[in-house]
Structures are given as C-alpha cells and as structure tokens.
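Please open the structure in your viewer and keep the selection panel handy. We will take a short tour, one stop at a time.

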Amino acid sequence: MDRDDAMQADLEEGTDDRRQGDRRQGGRRLSDSASFLSERLSAGPVVITGICGRLGRRLARQLHRDRPVIGVDRRPFHDRPKDIEFHQLDIRRKKAQDIFRNGDIAALVHLGVMHNPRGNSEEHHSWNVTGFQKMLEWVRRYNVPKLVLISSANVYGPRPDNPQFLTEEAPLLGAGAFSEIRDLVELDMLAQSFFWKHPQTETVVLRPTHILGTVRNAPSNYLRLKVVPTLMGFDPMIQVVHQDDVVQAIRLALRPGARGIFNVAGPAPVALGQALRTLGRATLPLPHAVARRGIERLWNLRMTSFPAPELDYIRYVCMVDDSRAREVLGYESRFDLTSTLKAVDEERWV
Amino acid sequence: MRGVPGSAQNPGALLRHPLLARLTDFAAQDVIPRAQRAYGSARESFEDATVRVLGSDFDARIEQLRARYQRMGGDPFGLDPETAKLALGIVSIFHRVYFRADVHGVENVPSGRVLLVANHSGQVPIDGVIIGASMFLDGEPPRVIRAMVEKWVQTLPYVNVLFRSLGQVVGVPENCRRLLELGEMILVFPEGTRGISKPFSQRYQLQDFGLGFMRLAIETDTPIVPVAVVGAEEQYVNLGNFELLARAMGMPVAPVVPQWFIPGLQMPLPTKYRLHFGEPMRFSGDPDDDDSVIEEKVYLVRQTIQALIDRGLRERPSVFW
C-alpha cells in the first residue's frame, strides 16, 4: 500500500522531481524549464529495442510520424519507413552505447525481451538481464528522462489461489512453476529498483495480459491452432488484449508525467472455452496428466516449443486489475472481445 | 494424398476403408442424433418437472438474474446463468419439496451488498445450499449467493468449472472485497468446521466465531444480516468425532454418523428447515483494531444469531413438520 501511495505521490510531483534531478545531474541540459522538458519528453527521439518484432514494428509505424524513432535489434528490419534510424546490433555491444551518446534521447522503450524456451538458457539470461542492465546504465549515464519496459501479466503466474484480479502490488510468483519466465521477472524487478534509485527518469513498467493479434507469442499461436488442445475439466477465465491497445498503452506511458507500474488488460474477461467457441475452433480436451506427459515427450523429441509447465495458463486464472492504468494513464481498451479474439486470424504478413 | 490405398504407411487411406466409413456414417447419422434427441427430451422433461414443482415464477426469476448479470456486462468471476439455472432447479426442489423450508424475515435482507452470517450445522453443508435457494426463490429481487471456496477446489477437474459457473469464488480477501464492491451477497459461516461437525449433543450451541468477517464488514461498510438455520442439526445424527481417523487421514474432522453406514440412508433425514433472517446490523470503527475490540462486535452478532435460533426452536412444533 505504501509503495503504491508513494508512486502516486511521485506521479503528481513528477515534473518537480525531474527538474531537481536535472540540477543534480548538471551539465547536459541547457534549459531547465518544465515546458522545455515536457516538449522534449513528448517530441524527442525514442529508442525502441526489439523493434523488428511485430509489436515493435506496429509501435514504430505509429510513433515515427510524430517524433524521431531509433530502432535497435539483432534481426533485420524489412520495409523500414525511411525516417526510422535503424541499428542492427546486439544491445550488449559497446556500439549500442553510441546511440545514446550521440543523440539527446528522450525515451527508451524496451521491447527486446527474448522469450524462446528452446534457446540456450545461459545465452537467454545474458541477453535479457545483461542487455537490460546495460540499457539501464546508459539511461542513467545519458540522463534519458523516460524508460518504458514491457513486462507481462505472466510475471504473477497462474495459480489456484490467485485472486480473480491481481493488482500491481501482488507478488511476482510466475517463476515458481516454470523458470522460462524467470528472466522477465528479473527485468521487472530491475526496472522497479531503477524507479526508486533514479527518480530523475520516469520509469514505467507495463504488464499487459495475453496480447493477441498478428504477433507471434504463445497465446496468439495457441489460439491460431486448427484444433486447440484444452485441459479436460478446466475452463479458466482469461483476459486478452489487442496488440493495438498495447501500442496505445505504450504511447500513453511515453507522455510526460507518467510513471509507475501498470497492468494493462483489454475487454472484459471471458472463459477460455467461450473464447474458442467465438473463434469457431475445434477443441481437443485432454486430461491434465496426459497433456503434460504428452507435451514433455514432444518437447524431448523437439516437436513442440511449448513447455509443459505453461499448461497452467489454460488451467488456472492469472488475470489483472488494470484500473490504475485506466485512471492514471487514461488508458482504455478500444477493441471489443470479438475483434480482439479475431485479430489472431488477421493477415499475418503486414 | 498419394499412396497405395490401405497401406499402413498411409493413415489417410486407412480412414477411407469401407468398413470404417460405414461405421462413421452409422455413428453420424444414427447414434449421435438419437443420443442428442434422448438428451434433449430428458432435459425438457426435467425442465417441465421443475416448472410444475416450482411454478412459472421460476423462469421469471432466472430471467431477472440473467438481466442483472447482463447489465454488469457479464460476471467477471465467470458466473454462467445457464449452468446456474440447472443447479438452482435441483436445489429449489430440495428447498421446496424435500426440506419444505419455512423462511422468515427475508425482507430484512437489503438489496445492495450484504454479508449473511449464519450458524453452520448438519455435517454436510446443505444449510448453505438452502439459504442460497431461499435467496433465489424468496428474495426480492432473486439473487445468487457468492460463497468463498477453498483454493484446492481450483485444482479439481470439472468441479472447478462447476463452482465457477455457479458464482463461487476462491476464498481470498481480495475477491470478497471485489464482490462486495459489485453489490453482491456473500454468505459467511464464522464457525467453520467447528460448527458443521458438532456432535448431536451440542446441537444449536454456537461455537467460537472467527473475526475476519467483521473486519471485512467494517472495512467495506457492509451491513451484516444474521441468519439462523433451524432444522439442519437433525438431518444427520453425529455421535462424536473419530479423532484417530481424522488425524490418520489428515482431515479436519471425522464425524461418526451411523446413518452413513446403513445402505439407502445416506440421504439426510427430511427434517423441516426453518430460516430466520434478522435485522441488518451495521458496524463502524477501525477494521485493523485489536482482536478484543473486534471480538466485542462479533459477540453482538453471535448473540443475535443465538437469540434467533432459540426463538426458532421454541416456536417449532416438531423436527419433521
């Protein structure tokens, strides 16, 4: 509760804090006026890591009309709009620092969280944690006034004793059942401690629920299956959010003054079975033990990239209360349930 | 698909085998429609029976419930009026026919958020079910009681879906608070297992009350309606607690009910239920006060329920009618 209140207080005093922070940091900034700051915050260049993901590209396409966008990714950026500056490099490399050193960066949006359960876990961990730590270091050193991390509601973890709607204060227990989410929990925590240690940067952590759309993440891929396996006798309520709602939430988080942790959910929750009926999918109900063992076997045979413990997502609830995002950020979901669900079937090659 | 028809390497061809094709045709054109018709007519005749027993009022009440949750844009906890209808049908028959429940003072229950606090008795929590049926059949407007269930229920296949569809939620304080904010009705048995598995010799003696419900009521400014259930104690006669067995099985209690060992008598005895709803009680103060302060307030509720029970016992002509 205290932490929450403090964050709210911070939010109100955001601009004052920032000015003090600038004085402390000294040097770089020529003008000290709040209007200059807020102008810089809302119009200065934004660095987006992981820009080549589908969510990153959607965000970039919306943002680059209003302000300079600088993309960083290891992957190539096809059909890149001409005015987006793009660096194809590893964020852990020293070269990535030059981006911050050369430009007066107004914000960093960190989308470059790797989640590939098949990948080498050491490399995975180093990419995620070391990479993000480097980012934080540069944000601090070059006095970037805004940091946005896209975490996930999965950090809370699906559990039988979860309250129906988790608030931002709920403990991050997601890594208890499966270690693949460990990196994300760690990143979330790093961003939280950065929030407190460096008040001169407005830090925002967004925790969206299952993002649906043309994105290639586990929930969208799952709903895209022709025959969807479900667990016999389990039909939890789920929350989904349209990818463009998430893009909208990121844009709101980039506005001057916004800081703190925010859950982001889409339309009203729905039972998983109802969602699958809306999509007209055939389902294949399997007993949990069979499904678990089958997926473990397939996993060992390298025939699936779906880790067995993640079955808990279609077994228990993991839903969030996003009233803080709605009140403080002014976020609202613009897609209804049906269009959010149907978004997984949209043309994927955009 | 290419390949020699019927070869083992080609499962598609195997599916086109004439015998298999004839079997699937038979299943699709004969067995399945017939089963569906049988299921449909069984369901229809069951629904007819419920209307005959419960009156056409039943459907109107279901409609009121459905409208309520539609106005809310669907229940965020996953209550499903269709499933609830079926369950309420069965429960209502128990309420009206089997236990012939008499309900007094149901008009005391406010229409907004409310905590019903009742005595717990009868070895099996039928008392909660009957209170729920009363709120649906006799309450104005008809309402569904939202109860808190143990978290391990969530791990049981099918049971968890059934409970969710009936509006039952995981018993954590956040859920309780949220339900009250939505203006729902919550039933609490502050005696817990201490109350429900009392031996017959202690019937109608209230056990110690937990304090959680009072803190919640004060925090959310929710009125408390005391409820006395008379008639549940006699449905199963408990001769005592088999402590060795309880400890060995890791159960909270192992009541010794002779009736359960006689074939055909597993059903509860058809006692007459009498429900007494008291006047709503409101409490104020600091929800985080010392236990001793909260205990005084809980004591008031407990005394009110005991008085309602005593009056009910004095007034009833018999256990069975």
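The stops below go from a whole chain to a pair of helices and then to a contact between chains. Keep in mind that this is a predicted model.

**Stop 1: chain B as a whole.** Select chain B and colour it by secondary structure: you should find eleven helices and eight strands. Along the principal axes, its C-alpha atoms fill a box of roughly 85 × 50 × 45 Å. Of the 321 residues in chain B, 33% are buried. Among the contacts in chain B with a separation of 6 or more, 73% join residues 24 or more positions apart.

**Stop 2: the domains of chain B.** Now give residues 11–50 one colour for domain 1 and residues 76–315 another for domain 2, following the domain assignment of chain B. The C-alpha centres of these two domains of chain B lie 43 Å apart.

**Stop 3: two helices.** Next, select residues 57–71 of chain B, helix α3, together with residues 81–98 of chain B, helix α4. Their axes come within 11 Å and cross at roughly 145°, and the crossing of α3(B) and α4(B) is right-handed. Show side chains for Phe58(B), Ile62(B), Leu65(B), Arg66(B) and Tyr69(B) on α3(B), then for Pro81(B), Ala84(B), Lys85(B) and Ser92(B) on α4(B): these residues make the contact. By class, the contact of α3(B) with α4(B) has six nonpolar residues, one polar and two charged.

**Stop 4: where the chains meet.** Finally, bring chain A into view. How many residues does each chain give to the contact? Chain A gives 15 residues and chain B gives 19 residues. On the side of chain A that touches chain B, ten residues are nonpolar, three are polar and two are charged.

Technical notes: Residues are numbered from 1 along each chain as its sequence is written. Chains are lettered from A and ligands numbered from 1 in the order in which they are written. This is a predicted model: local features need pLDDT of at least 70, side-chain atom pairs count only at pLDDT 80 or more; totals for chains, interfaces and linings use all residues. Two residues are in contact if their C-beta atoms, placed from the backbone, lie within 7 Å. Ala, Val, Leu, Ile, Met, Phe, Trp, Tyr, Cys and Pro count as nonpolar, Asp, Glu, Lys and Arg as charged, and the others, Gly among them, as polar. Axes are lines fitted to C-alpha atoms, for helices over the stretch in contact, and angles run from 0 to 180 degrees between N-to-C directions. Helices (H or I, at least four residues) and strands (E, at least two) are DSSP runs, numbered from the N terminus. A crossing is left-handed if the near helix is turned anticlockwise from the far one by less than a right angle, and right-handed if clockwise. Domain bounds come from an automatic or database domain assignment. A residue is buried if 20 or more other C-beta atoms lie within 10 Å of its own, exposed if 12 or fewer, and partly exposed in between; C-beta atoms are placed from the backbone.
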